[in-house]
Amino acid sequence: MSGMLTKAVDDLAGINACDRAIFVGLLGPVFEHAARVAERAYEQRPFSSVDQLHAAMLQIVKDWSKDEQIAFVCGHPELAGKEAIAGALTRESESEQAGAGLNSLSRAQMEEIAALNAAYRAQHGFPFVICVRHYTKTGIFAEFKRRSRRASDTELEEAIDQIGFITRLRLADLIAG
């Protein structure tokens, strides 16, 4: 079984050949706390490309009702929030936030991001989601402020789009080709 795990991580052919448990075990973490995305995608195998796999997985999320999408987005951690402070981020989120420098904020920046997180969640009902690998720390703060003024429906769509960017990068990290 460990050989299959290595092969599955290395290439798409291995992913397509996995049994359900291995497929979900490998791809479940790609969508934060939503292994059900991988469970549904399993039924659509085989995939001809990583892009096709990602599109299928993202479409599963886009097909959910608005309430299901909000619940899904609520499963994502706040940037430099209580999960990060408590060391309770998923391995993927921890690495991504650290890569953007969110684990080394000044006291003033921590206070600012805490206030931004609280205001955003109060306005929209879900956490601010951004693909931190696409932004500098300064850019993240700017986007937080810009997007906080938008309508909640627009922000829900944006959150799903940002999750699309995040998950595509995670798949690229996981699967060659």
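A salt bridge, for our purposes this morning, is a side-chain nitrogen of Lys or Arg lying within 4 Å of a carboxyl oxygen of Asp or Glu. With that in hand, and keeping in mind that what we are looking at is a predicted model, I would like to walk through some of these pairs, then two helices, and then the cysteines.

The general idea is that side chains of opposite charge can pair when their charged atoms come close. In this structure there are 15 salt bridges, and I will begin with the one between Glu111 and Arg107, whose closest N and O atoms are 3.7 Å apart, a distance that counts because the limit is 4 Å. Where do Glu111 and Arg107 sit along helix 9? They are four residues apart in that helix, which covers residues 107–124, and so about one helical turn separates them. Both of these residues, Glu111 and Arg107, are exposed.

Now please move one residue along, to Glu112, which forms a salt bridge with Lys145, with 2.8 Å between the closest N and O atoms. This pair links distant parts of the chain, since Glu112 belongs to helix 9 while Lys145 belongs to helix 10, residues 137–148, and the two are 33 residues apart. Lys145 has a relative accessibility of 39% and therefore counts as partly exposed, and Glu112, with a relative accessible area of 30%, is partly exposed as well.

That salt bridge brings us to the two helices themselves. Two packed helices are described by the angle between their axes and the distance between the axes. Here the axes of helix 9 and helix 10 come within 10 Å and cross at roughly 30°, and because angles under 35 degrees count as roughly parallel, helix 9 is roughly parallel to helix 10. Their crossing is left-handed. Which residues meet where helix 9 faces helix 10? On the helix 9 side they include Glu112, Ile113, Leu116 and Tyr120, and on the helix 10 side they include Phe141, Phe144 and Lys145, so Glu112 and Lys145, the partners in the salt bridge, are both among the residues of this contact.

Let me turn to another pair, Asp173 and Arg133, which form a salt bridge with their closest N and O atoms 2.8 Å apart. Here, too, distant parts of the chain are linked, with Asp173 in helix 11, residues 152–174, and Arg133 in the loop between helix 9 and helix 10, 40 residues apart. Asp173 is exposed, at a relative accessible area of 56%, whereas Arg133 is partly exposed, at 38%.

These two residues also belong to a network of salt bridges, in which they are linked with Glu32, Glu96 and Arg170. Is Glu96, another member of that network, buried or exposed? Its relative accessibility is 12%, and it therefore counts as buried. Glu96 is found in helix 8, residues 91–99, and, leaving out residues up to four places away in sequence, it touches Val132, Arg133, Ile166 and Arg170.

Finally, the cysteines. A search of the whole structure finds zero disulfides. For Cys74 we can say why: the closest cysteine sulfur, in Cys131, is 19 Å from its own, too far for a bond, given that a disulfide needs the sulfur atoms within 2.5 Å. Cys74 counts as partly exposed, with 32% relative accessibility, while Cys18 counts as buried, with 1%.

How values were computed. Residues are numbered from 1 along each chain as its sequence is written. This is a predicted model: local features need pLDDT of at least 70, side-chain atom pairs count only at pLDDT 80 or more; totals for chains, interfaces and linings use all residues. Side-chain values use heavy atoms; hydrogens and water are left out. Buried means under 20% relative accessible area, exposed over 50%, partly exposed in between (1.4 Å probe, protein chains only). Axes are lines fitted to C-alpha atoms, for helices over the stretch in contact, and angles run from 0 to 180 degrees between N-to-C directions. Angles under 35 degrees count as roughly parallel, over 145 as roughly antiparallel, 65 to 115 as roughly perpendicular and the rest as oblique. A crossing is left-handed if the near helix is turned anticlockwise from the far one by less than a right angle, and right-handed if clockwise. Contact means heavy atoms within 4.5 Å.
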